[in-house]
Structures are given as structure tokens and as C-alpha cells.
Amino acid sequence: MKRKKSIAIAFFLSILFCILYLLLAARPLGNEYQFSPQWKLETNAQTIMPASNEQSKLYFRLGQTIGYFTDDGKLLSIIAFPFKAAISQHYYASFSANSTSFDFFNADGTKAGTIHESGFPFFDDDRIFVFLPGGASFIQCNPDGSRKWQFTGAVPITAFNSSSGGCAVGFADGIVRTFSPDGNITQEFAPGGSDYPVILGAAISSDGTMIATVSGQNSQRFVLLKKDSAQSKIILHQFIAANNPRQRLVQFSKDDSTVWYNFDGGLGIVDTLSGKHSQLALNGQAILLQESDDYVFVLTKEQATYTVYAIEKFSTIIGSFSFEARTAFIRTDGKNLFVGKDTTISRIVISKN
């Protein structure tokens with residue numbers, strides 16, 4: 001009798017434990033993210049289509065072709081170039097190594113102007129630059145291609161970035177100079193602290209008050225500097241474990257609240273207000289970073305394999321996918337992600353399940 005009673009009590013306690021466990025330990029399932037392709041266009045087989053003024057026009061570069069497309073999958077233009085080309089949301093041009101002058105065009109194909117300079121053009125949004133022969137000097141041009149201002153140097157330029165607040169230029173001797181939109185030097189500093197102090201990456205905030213750099217070999221470091229009135233102060237100094245002499249991606253967010261930089265096998269993320277620093281492990285080298293309304297997308301490359309990572313909030317990877325290609329790009333517009341692969345462009349959206 002006692003044995004049956006003990007078994008009954010044990011059974012009752014087991015049932016009670018299971019009920020309590022389900023009530024106390026259960027947690028709601030997290031969101032699952034799904035990458036959903038919306039359309040795909042072939043850049044070598046599509047008919048060129050006109051676009052309305054309301055449609056977003058996005059630029060691409062794949063191999064030896066550049067052009068523009070719309071967010072609903074229309075190919076607006078495709079231009080093959082034999083040597084080099086430059087393109088942005090506003091302008092494009094193709095040129096040769098021996099060009100002493102060249103025409104450049106608006107996104108709709110109309111001629112914007114002529115640049116009467118030898119060198120390599122660079123279009124950044126609606127800003128026009130030309131890097132002169134020798135690699136130590138550059139020019140900023142007016143919208144018609146005429147010379148606006150020039151910097152003449154003697155040390156090779158190794159990093160360059162521009163914004164509406166000016167431009168930041170890094171040099172092989174470890175010096176970083178920032179320029180106002182009209183060409184005046186606003187800052188000059190050296191991150192220092194390395195046996196080989198070359199500037200490998202640089203970025204400037206939209207208002208021109210913050211500069212971020214990756215520099216040096218043995219040791220390599222990330223530095224975030226902020227100019228306040230007439231003084232500049234270092235917000236963050238971070239050593240990078242892996243030393244590699246390749247150029248580095250350094251980029252501010254659209255609202256300047258975050259700055260990203262890449263290193264071998266990962267991505268550094270810095271909150272510019274608090275100085276909070278985080279790192280994400282990624283496969284390959286980060287080569288492009290794009291912001292959408294909800295996420296940050298990073299494209300990495302490791303030999304012939306490209307990987308796209310989606311990052312939410314400050315530093316949470318919510319998903320990724322990989323593909324093989326000879327050349328690739330990513331672009332964002334609103335909530336949309338566009339992925340280019342050799343001769344195709346696809347639109348992808350992320351949904352939560």
C-alpha cells in the first residue's frame with residue numbers, strides 16, 4: 001500500500017514539475033528572417049527602358065560595364081568601357097590612361113561637361129574630383145568640369161573620402177589632412193604609433209567635424225577624432241590585431257551616429273556619441289557597406305566567394321547568404337537591397353516570420 005502511495009506521489013510531483021517548467025521556462029520564439037527575391041534583370045539581355053521622374057535611379061558597375069536601373073527592375077542604360085570608368089548617382093564617364101580631357105555625363109545620358117585634366121576622375125554623389133598623375137595631387141571640379149580648387153602634394157595619396165562637409169585625405173607618410181568644400185585645409189594630424197604609419201583608410205562625417213582612420217603597420221590602429229571649436233580630441237583609439245597593408249573600408253553612417261571599419265576577418269563598429277566599440281566576425285574582406293531604412297548590409301569577398309551580411313541594431317547579424325561570382329556589388333534604396341552578380345541584378349527584401 002505504501003509503495004503504491006509513493007508511486008502516486010512521485011507521479012503527481014512529476015506532472016507538477018512539468019507544468020511549472022512549461023510555465024516558467026517557456027520563452028517566445030525569436031523572429032526568423034527571410035531573404036525574398038522580388039525580381040532579377042539580365043544586364044546583357046534587357047531592353048533599355050525609359051524611366052519616369054518619380055522612379056528611383058540607381059547606378060551599378062559590373063566588370064567592364066556601368067549603368068543605371070530602377071527599383072522596379074528596368075534597365076535604363078548600360079555602357080561598356082575598355083579601360084577605366086567612374087560612376088555615381090549623378091555622373092558617369094569612361095576614360096583611358098592617356099586621356100588629357102574627357103566628357104562626363106549626367107545619369108540620364110545628357111552631357112554634363114568636359115574635364116580638361118589628365119588623371120583619374122572620381123565621382124562621389126554630386127562631387128567631382130580628379131587625381132592627377134603621380135598620385136600625390138588632386139583637383140575638385142565645378143559641376144561643368146572646370147577646376148574649382150587644387151591640392152598639390154609630394155607624398156602619395158593612400159586614402160580618400162568626401163562628404164558635404166569636405167574631404168579627408170590620407171597619405172603614405174601617415175599624415176591626414178581635411179579640406180573644406182572650398183579647398184581650405186581645416187585639420188592636419190598624424191595618428192602615429194606605428195613602425196610604418198601609412199594611412200590605409202579614412203572617412204569624414206557629413207558636417208566635417210569627425211574623422212576616422214585606419215593606419216599603420218606594427219601596430220595597426222583605428223582612430224576616431226572629433227573637432228570641437230578650435231580643438232580636436234580623440235574619441236576612440238583601438239588597436240587592430242591583424243596587420244595587413246591593404247586599403248581599408250572606413251565609413252560613417254548617414255546620420256554620423258556610427259562609423260564602421262574593416263579588418264582581416266571582421267568589421268569594427270563604433271558609436272560616435274558614446275565611444276562604444278564592437279566587432280563582428282565575417283568571412284573574407286568587407287568591400288562594400290550599404291544602409292537601408294532598417295538594416296546595414298555588408299558585402300565581403302574571399303577569393304571567388306561573395307557573402308552578404310544583414311546587420312540589425314548596433315551589431316547583431318540577422319542573416320547572410322553567399323554566392324560565386326567574378327564581380328559583384330550591393331546597393332540599397334529605402335527598404336530594398338539590390339545585389340549585382342556578373343551580368344544580373346536582383347532586388348531582395350527581408351521579412352520577419
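Q: Strands here are DSSP runs of E with at least two residues, numbered from the N terminus. With that settled, how many residues sit between β3 and β4 in their hairpin?
A: We're looking at a predicted model. β3 and strand β4 (residues 75-80) pair in the antiparallel sense over five bridges, and I66 stands opposite I79 in β4. In the turn, G73 has a positive phi of about 95°. The number of residues between the two strands is four.

Q: What about the hairpin of β2 and β3: which residue takes a positive phi near 60°?
A: Strand β2 (residues 57-62) runs antiparallel to β3, with six bridges pairing them. One of the bridges matches L62 with T65 in β3. The hairpin leaves two residues between the strands, and the one with that positive phi is G63.

Q: How many residues of strand β3 (residues 65-70) are buried?
A: Start with the general pattern: side chains in a regular strand alternate between the two faces of the sheet. In β3 both faces are covered, with T65, G67 and F69 buried on one side and I66, Y68 and T70 buried on the other. The strand is therefore largely enclosed by the rest of the structure, and its buried count is six of six.

Q: Is E117 buried or exposed?
A: E117 sits in the loop between β8 (111-115) and β9 (120-124). Setting aside neighbours within four places in sequence, its contacts are S99, T100, S101, F102, V130, I139 and R147. The cut-off for buried is under 20% relative accessible area. E117 comes in at 11% relative accessibility, so it counts as buried.

Q: Which strands are at the edges of the open sheet that contains β1, β31, β30 and β29?
A: The four strands line up in the order β1-β31-β30-β29, with antiparallel pairing. The twist from one strand to the next averages 25°. Six bridges join β29 to β30 (residues 336-341), and T332 has L337 in β30 as its bridge partner. The strands that pair on one side only are the edges: β1 (33-42) and β29 (328-333).

Q: What is the volume of the second largest pocket?
A: Its lining has 15 residues, and T258, W260, E291, V296 and K313 lie nearest the centre. By type, the lining splits into six nonpolar, four polar and five charged residues. β22 (258-263) and β27 (305-312) each supply at least two residues of that lining. The volume of the second largest pocket is about 210 Å³.

Notes
Residues are numbered from 1 along each chain as its sequence is written. This is a predicted model: local features need pLDDT of at least 70, side-chain atom pairs count only at pLDDT 80 or more; totals for chains, interfaces and linings use all residues. Side-chain values use heavy atoms; hydrogens and water are left out. Two strands pair if DSSP finds at least two bridges between them. Axes are lines fitted to C-alpha atoms, for helices over the stretch in contact, and angles run from 0 to 180 degrees between N-to-C directions. On a 1 Å grid over the protein atoms alone, a cavity is a set of points where a 1.4 Å probe fits but cannot get out, and a pocket is an open set with protein on both sides within 12 Å along at least five of seven lines; lining residues have an atom within 4 Å of a point. Grid points are joined across faces, edges and corners, and a volume is the space filled by probe spheres set on the points. Ala, Val, Leu, Ile, Met, Phe, Trp, Tyr, Cys and Pro count as nonpolar, Asp, Glu, Lys and Arg as charged, and the others, Gly among them, as polar. Buried means under 20% relative accessible area, exposed over 50%, partly exposed in between (1.4 Å probe, protein chains only). Contact means heavy atoms within 4.5 Å.
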